[in-house]
Amino acid sequence: MPSPDRSPAGGGDDATQPVVITQTPEWAALAAAHAELAGASLRDLFAADPKRAQQLSAEADGVYLDYSKNLLTADTVRLLVALAERAGLAHRIEAMFTGEKINTTEHRAVLHVALRAPEGASILVDGHNVVPDVHEVLTRMYAFADRVRSGVWTGATGRHIRTVVNIGIGGSDLGPAMATEALRPYTDRSIETRFVSNVDGADIWEATHDLDPAETLFIVSSKTFTTLETIANARTARAWVVAALGEDAVANHFVAVSTNERKVAEFGIDPANMFGFWDWVGGRYSMDSAIGLSLLIAIGPDNFRDLLAGFRAMDEHFRTTPFERNLPVLLGLIGLWYRDFFGLQTHAVLPYSHYLSRFPAYLQQLDMESNGKSVDRAGRPVTTATGPVVWGTPGTNGQHAYYQLLHQGTTIVPADFIGFIEPPRSVTAGQPENGGPGGAIAPPDQPDQHLLLMANFFAQTEALAFGRTAAEVAAEGVAPDLVPHRVFAGNRPTNTLLAPALTPFTLGQLIALYEHKVFTQGTIWGINSFDQWGVELGKVLAGRIVPELASGDEPALGHDSSTNELIRRFRAGHGG
């Protein structure tokens, strides 16, 4: 079970009065530990402890975390764990898993873990077990996906669906888009999946201009069916289908992921083809709900079940494993260590997998929308730095772009490196029936490309940690005037996540790992990681500006002088 709670309240911090973590003795102890480590180097830390790598590592169902290349010691980890205990993390974990309304500003439970709970489990919200509801929707989703994949569901002219276009934004787009790309080797290549999110008309045009409406299915993903960007794109798509196939075709070419049956029916979608979810599912945590319908069609029910099983395995690990061996907790604590005690503002996620190209962008929303907060759950200004700026791209591309800054720049960027022991299924199997070359191929004088990829993966964390001294550079015969340019300071911290292969199960583990990392950090910072009021103001102002831009007469503008002048210049030049 998780480590015992040591918060002053005795059973975890109160939902609306979190402990001010910077006023605790645990925080003071960490500040002292940071001062003691100020001059430490990873070279010295490794030299002093031959078993450091074994001691500072942990594993969960095949996902191995090596955090030994961080500027900390085993004593630091113990102090960080004590901080988590003081913040009431164990209590908050149980509160989330048991359906308490820990999203206090919206008075909602936070139950993305219920989306992957097994049949027969019981998770209560206001006395109602929500798990049967989840599995009822999943059963409908599986049946619908089978109909589309088998050709039983056809377009209005009786032709098979060849392209599925998901229309959403934020969590209704980033999650399924990321996962569909991540699991491309598991997709049915006879059905293409595309994603539209941006209200920029170029997005919907590029997604549809080369498609046949008779073979295209749109999934409109909006909980309220009123999201401005999503509905604007959906109306454009509807007009495109109607122009080609007539009004009656809408029911064959559109389904909805929503809870607003009236709006869905008004659009022309049969409510029988509406897949719902619940207010206790936040958008950025919704990929494994009905929001994942496009992904489910792409990879099929069996692979989707494996994905959910991976989520569930990491959920169980997070809930039951002692904090000192708990992967999400460790990642969260290490990230907090750098954010609050070193003052580092960014965090890079660097997957060494072509298929995880959209994973960092997915994590940007998960982390920055969740923990980009400046008041705690009681509405008080926070006393710590909170969420970092999250960014990254796949290796090895990044090595030829921004790794120069990571190695020799003046900004220290903690980073997570994610790699896999086996290459993806598309490489090992080749899938020649889908246009692949068949088999993992390499010239006789070149190692398998996965070995080249992983050699770079291991080399980068080694180089970042240990660098190269001036004496080592000079010993290689480098001219004295070039020596300073060839020195690598090292001491650049990294976590290494190594998993067997990128499968649906593993992807579920990774997503849940970062979900719970974010939760861990939000709990210690005392903030609500599950609302997003910061996105509202821009929406409200945009709603005021739209009629001002569209007005035929010169509107009376009541903005600041800059915004007023920009609107006037736009109106003067638009459509001219």
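**Salt bridges in the model**

Trainee: Is D126 buried or exposed?
Mentor: D126 is exposed, at 66% relative accessible area. Buried here means under 20%, exposed over 50% and partly exposed in between (1.4 Å probe, protein chains only). The model is predicted, so local features need pLDDT of at least 70 and side-chain atom pairs pLDDT 80 or more, while totals for chains, interfaces and linings use all residues. Numbering starts from 1 along each chain as its sequence is written, and side-chain values use heavy atoms, without hydrogens or water.

Trainee: OK, which residue does D126 form a salt bridge with?
Mentor: With K101, and the closest N and O atoms of the two are 3.0 Å apart. For a salt bridge, a side-chain nitrogen of Lys or Arg has to be within 4 Å of a carboxyl oxygen of Asp or Glu.

Trainee: Where do K101 and D126 sit in the chain?
Mentor: K101 is in the loop between α5 (89-97) and β3 (124-125), and D126 is in the loop between β3 and β4 (128-129). That puts the partners 25 residues apart, so the pair links distant parts of the chain. Helices (H or I, at least four residues) and strands (E, at least two) are DSSP runs, numbered from the N terminus.

Trainee: And how exposed is K101?
Mentor: Partly exposed, with 28% relative accessibility for K101.

Trainee: Switching pairs, what does R194 meet in a salt bridge?
Mentor: The side chain of D210, at 2.8 Å from N to O. R194 lies in strand β6 (residues 192-196), whereas D210 is in the loop between α8 (201-208) and β7 (216-221), so this pair ties together parts that are 16 residues apart in sequence.

Trainee: What about R194, buried or exposed?
Mentor: R194 is buried, with a relative accessible area of 15%. Its partner D210 is partly exposed, at 46%.

Trainee: I was also looking at E247. Which residue is its salt-bridge partner?
Mentor: That's R238, and there the closest N and O atoms come to 2.3 Å. E247 is partly exposed, at 44% relative accessible area, while R238 counts as buried at 19% relative accessibility.

Trainee: Which residues do shared partners join into one network?
Mentor: R116, D288, D315 and E515, through salt bridges that share partners.

Trainee: Last one: how many salt bridges does the rule count?
Mentor: The count comes to 22 salt bridges. Among them are the K101 and D126 pair, R194 with D210, and E247 with R238.
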